[in-house]
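Please open the structure in your viewer and follow the stops below in order. Each stop names a selection and then describes what is to be found there.

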Amino acid sequence: MDDIHLLGILEPGKFEGMTDGERNTTFDECFEYNDDLRANGHLVAEVPLQPPETALTLYWKNGKVATTDGPYAETKEQLGGIQILEARDLNHAVQLVSQLPGFKYGLGPVEIRPVADLNDIIKESERRRRRRKDAPVS
């Protein structure tokens, strides 16, 4: 099984255009599906995000940290949340995502990305750092 990272994108106005009943039904179905994913060992993590206007973007500028209010990417869509699923492969991830109620209700697209495996890179970095630490000082 591989970890698959999902970025849930919300189309502007979708939630605002729903009645309270429609919104509640959507939330209930989404949370129920997440419960099923979790119970079957597929949902590793889920992180809902606040709206983009709450974001703070950091930059490295002139040797110091600089900030700007708002998201890094200026788009009409907003990143609604992040999920990490455990799936056999990308096709299995597509099957799982295609059943997400928010996706089926057209709240926005879902970007799927396999999680990068940095284990070999981390081990090599540890070896380099150990060698530097153990190297004689001239």
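**A guided tour of the chain**

Begin by selecting Asp20, which is exposed, with a relative accessible area of 56%. Please keep in mind throughout that this is a predicted model.

**Stop 1: the start of helix α1**

Keep Asp20 selected and add Arg23. The two residues form a salt bridge, and their closest N and O atoms are 2.9 Å apart. Why are Arg23 and Asp20 separated by about one helical turn? They are three residues apart in helix α1, which covers residues 20–39. Arg23 is partly exposed, with a relative accessible area of 21%. That value lies just inside its class, because a residue counts as buried under 20%.

**Stop 2: further along helix α1**

Next, select Arg38 and Asp35. Both belong to helix α1, where they stand three residues apart, about one turn of the helix. Their side chains meet in a salt bridge of 2.9 Å, N to O. Is Arg38 buried, partly exposed or exposed? Its relative accessibility is 38%, so Arg38 counts as partly exposed. Asp35 is also partly exposed, with a relative accessible area of 44%.

Now add Glu46 to the selection. Asp35, Arg38 and Glu46 are linked in a network of salt bridges.

**Stop 3: a nonpolar patch**

Select Leu56, Leu58, Trp60 and Val65. These residues form a nonpolar patch on the surface, and together they have about 500 Å² of accessible area. Which element gives the most to the nonpolar patch? Strand β3, residues 56–61, does so with three residues. Within that strand, pick out Leu58. At 58% relative accessibility, Leu58 counts as exposed, because the exposed class begins over 50%.

**Stop 4: helix α4 and its arginines**

Move on to Glu124 and Arg131. Glu124 forms a salt bridge with Arg131, with the closest N and O atoms 3.9 Å apart. This pair still qualifies, because a salt bridge requires the nitrogen and oxygen to be within 4 Å. Glu124 counts as partly exposed, at 29% relative accessibility. For the protein as a whole, the count comes to six salt bridges.

Then select Arg128, Arg129, Arg130 and Arg132. On the surface, these residues gather in a patch of positive charge. Why is Arg131 not listed in this patch? A patch is made of residues with no salt bridge, and Arg131 forms one with Glu124, so Arg131 is left out.

Select Arg130 alone. Arg130 is found in helix α4, residues 119–134. Its relative accessible area is 46%, so Arg130 is partly exposed.

**Stop 5: across the model**

Keep Arg130 selected and add Thr26. How far apart are Arg130 and Thr26 in sequence and in space? They are 104 residues apart in sequence and 52 Å apart in space, C-alpha to C-alpha.

**Stop 6: the whole chain**

Finally, clear the selection and display the entire protein chain. The chain has four helices and six strands. From the N terminus on, its elements run β-α-β-β-β-β-α-α-β-α.

Turn the model to view its overall form. Along the principal axes, the C-alpha atoms fill a box of roughly 70 × 40 × 20 Å. A compact globule of 138 residues would have a radius of gyration near 14 Å, whereas this protein chain has 20 Å. Of the 138 residues in the chain, 21% are buried.

Terms used:
Residues are numbered from 1 along each chain as its sequence is written. This is a predicted model: local features need pLDDT of at least 70, side-chain atom pairs count only at pLDDT 80 or more; totals for chains, interfaces and linings use all residues. Side-chain values use heavy atoms; hydrogens and water are left out. Patches are made of residues with over 30% relative accessible area and no salt bridge: like charges are joined within 9 Å, nonpolar side chains (Val, Leu, Ile, Met, Phe, Trp, Tyr) within 5 Å. Accessible areas come from the Shrake-Rupley method with a 1.4 Å probe; for residues, only the protein chains shown count as cover. Lys and Arg count as positive and Asp and Glu as negative; His and the chain ends are not counted. The place of a charge is taken as NZ of Lys, CZ of Arg, CG of Asp or CD of Glu. Helices (H or I, at least four residues) and strands (E, at least two) are DSSP runs, numbered from the N terminus. Buried means under 20% relative accessible area, exposed over 50%, partly exposed in between (1.4 Å probe, protein chains only). The radius of gyration is taken over C-alpha atoms; the globule rule is 2.2 Å times the number of residues to the power 0.38.
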